[in-house]
Every structure is written in structure tokens, then in C-alpha cells.
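Here is a short briefing to read beside the structure. Keep the sequence at hand as you go through the points.

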Amino acid sequence: MGKAKKTRKFAVAKRIISPKDTRVKSVAKTVKDREIALKKKEEPRQVEQGISAMFFQYNTQLGPPYHILVDTNFINFSIRNKLDIVRAMMDCLLAKCTPCITDCVMGELEKLGQKYHLALCLAKDPRFERIPCNCKGCYADNCLVAMATQWRCFIVATCDKELRGRIRKIPGVPCMFITNRKYTVERMPEAFGAPR
């Protein structure tokens with residue numbers, strides 16, 4: 001018996017599923033994503049109502065006496081720089097100022113313990129106005145951002161760069177911080193006492 005001749009078969013491969021087939025998981029996922037996107041486009045858009053106190057980027061609600069939401073690190077840095085909070089605020093804004101403290105900031109000061117006892121005593125000063133907040137024990141920065149967006153009649157006083165970045169995104173809310181042992185306000189044209 002002779003040996004059978006074997007010829008090589010060119011361009012023959014196993015039959016595989018096409019990558020565009022709907023049975024492939026990645027394709028099925030993209031199809032679902034497209035369907036969800038189409039449903040979102042069909043839904044009516046919800047546009048937030050503009051704040052009536054805003055005149056372009058200028059907030060008409062801000063005026064003397066100024067209400068200033070104070071953060072924990074702002075109180076700590078004021079103590080380190082030997083600044084009287086109320087007097088330094090008045091020197092900066094050249095008007096009557098009322099420092100305000102939310103419940104979350106007060107809770108954060110109490111949690112810090114004995115090391116920040118002086119800051120806690122300062123926060124309990126009768127010149128400071130206590131503002132109740134709706135949030136139940138949340139992070140103090142989130143509470144301040146929520147209060148600033150909801151009311152827009154506050155100046156937020158903080159030395160935290162991350163929080164200042166979040167406040168800058170809210171139109172019409174100025175931010176107070178400490179530079180060269182003085183208070184400074186950014187995005188507020190009427191602050192004549194603030195160093196530039």
C-alpha cells in the first residue's frame with residue numbers, strides 16, 4: 001500500500017463567533033449602554049432654577065452684617081497666628097461680621113480632644129452664632145458646602161485648599177482664608193480691608 005499524499009490546506013481556520021455577535025459579552029454590554037443612553041435622551045431635561053440673588057457672578061445677598069461660616073482649621077490657624085477672629089474679620093471686611101458655626105463643625109472640634117480645647121472654648125463664645133444643620137453627623141466640609149450652596153448668604157472661612165477649591169465652584173460664595181497673619185477674602189469686590 002502506498003502512502004496517501006497530504007496536501008496542506010491554506011487559509012482554513014476553525015469557525016469562531018464573530019466579534020460583532022450579540023452573544024459576546026462586551027458587545028451585549030455596549031448594546032445595553034446605547035439603549036440606556038437613548039432612554040435618557042428621550043426623558044425631559046430638568047434644569048435648575050437660577051438663584052434670584054445673583055447678578056451674573058455678583059451675589060446681591062451678601063452685605064453687612066456679614067455671616068461667615070467658620071471651619072475647624074480656620075479657628076486653629078487663627079489661634080496659631082494669634083488673631084482675634086471677630087476683630088480680624090471686621091478689619092478685613094470693614095463691616096460688622098457674625099462668625100457662624102454649624103453643628104458638624106462643633107462636633108468635629110469636640111472629637112479632636114484635649115489638644116484643641118482652646119479652639120472649642122473659642123467656638124462656644126457668645127459672639128459666635130450656632131447654626132443647626134440637617135445632616136446627621138456628616139463630614140464637616142460636606143456640611144459647609146451644602147450650607148453655602150443652599151443659602152448663598154454666607155462667606156466660608158477655611159484654610160483647607162481642597163474645601164476652597166470646592167467653594168470656588170459655587171457661584172457667588174466668597175472664601176476667607178489666612179495669609180501673612182491677616183484674613184483675606186477672594187472673589188469679593190467690596191472687601192476693601194483685605195490685602196491683595
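Strands here are DSSP runs of E with at least two residues, numbered from the N terminus. Strand 1 covers residues 54–55, and phenylalanine 55 sits in it. Keep in mind that this is a predicted model. The points below go from a surface patch to a pair of helices, then to two single residues.

**Surface patch**

- Phenylalanine 55 has 55% relative accessibility, so this residue counts as exposed.
- Phe55 belongs to a nonpolar patch on the surface, together with Phe56 and Tyr58.
- The accessible area of these three residues adds up to about 400 Å².

**Helix 2 and helix 4**

- Two packed helices are described by the angle between their axes and the distance between the axes.
- Helix 2 spans residues 72–80, and helix 4 spans residues 103–112.
- Their axes come within 9 Å and cross at roughly 60 degrees.
- Helix 2 and helix 4 therefore count as oblique to each other.
- On the helix 2 side, the contact is made by Thr72, Ile75 and Asn76.
- On the helix 4 side, Val105, Glu108, Leu109 and Leu112 take part.
- Which residues of helix 2 are buried? They are Thr72, Asn73, Phe74, Ile75, Asn76 and Ser78.
- After helix 2 comes lysine 82, which has a positive phi, near 55 degrees.

**Valine 105**

- Valine 105 lies in helix 4.
- Is valine 105 buried or exposed? Its relative accessibility is 0%, so valine 105 counts as buried.
- Leaving out residues up to four places away in sequence, valine 105 touches Val70, Asp71, Thr72, Ala140 and Leu144.
- Thr72, one of these partners, is also among the helix 2 residues that make the contact with helix 4.
- Alanine 194 is 89 residues from valine 105 along the chain, and 25 Å separates their C-alpha atoms.

**Glutamate 129**

- Glutamate 129 is part of strand 5, which runs over residues 129–131.
- With 36% relative accessibility, glutamate 129 counts as partly exposed, because that class lies between the buried limit of 20% and the exposed limit of 50%.
- Which residues does glutamate 129 touch, not counting residues up to four places away in sequence? They are His67, Thr98, Pro99, Cys100 and Ile101.
- Threonine 98 is 31 residues from glutamate 129 in sequence. In space, the two are 6.9 Å apart, C-alpha to C-alpha.

Conventions
Residues numbered from 1 in each chain as written. Predicted model: local features only at pLDDT ≥ 70, side-chain atom pairs only at ≥ 80, totals over all residues. Heavy atoms only, no water. Patch = residues over 30% accessible without salt bridge, like charges linked within 9 Å, V, L, I, M, F, W, Y side chains within 5 Å. Areas by Shrake-Rupley, 256 points an atom, 1.4 Å probe, with all protein chains shown as cover. Salt bridge = Lys/Arg side-chain N within 4 Å of Asp/Glu carboxyl O. Helix = DSSP H or I, 4+ residues; strand = E, 2+ residues; numbered from the N terminus. Buried < 20%, exposed > 50% of the residue type's maximum accessible area, 1.4 Å probe, protein only. Axes fitted to C-alpha atoms, helices over the stretch in contact; angles between N-to-C directions. Parallel < 35°, antiparallel > 145°, perpendicular 65-115°, else oblique. Contact = heavy atoms within 4.5 Å.
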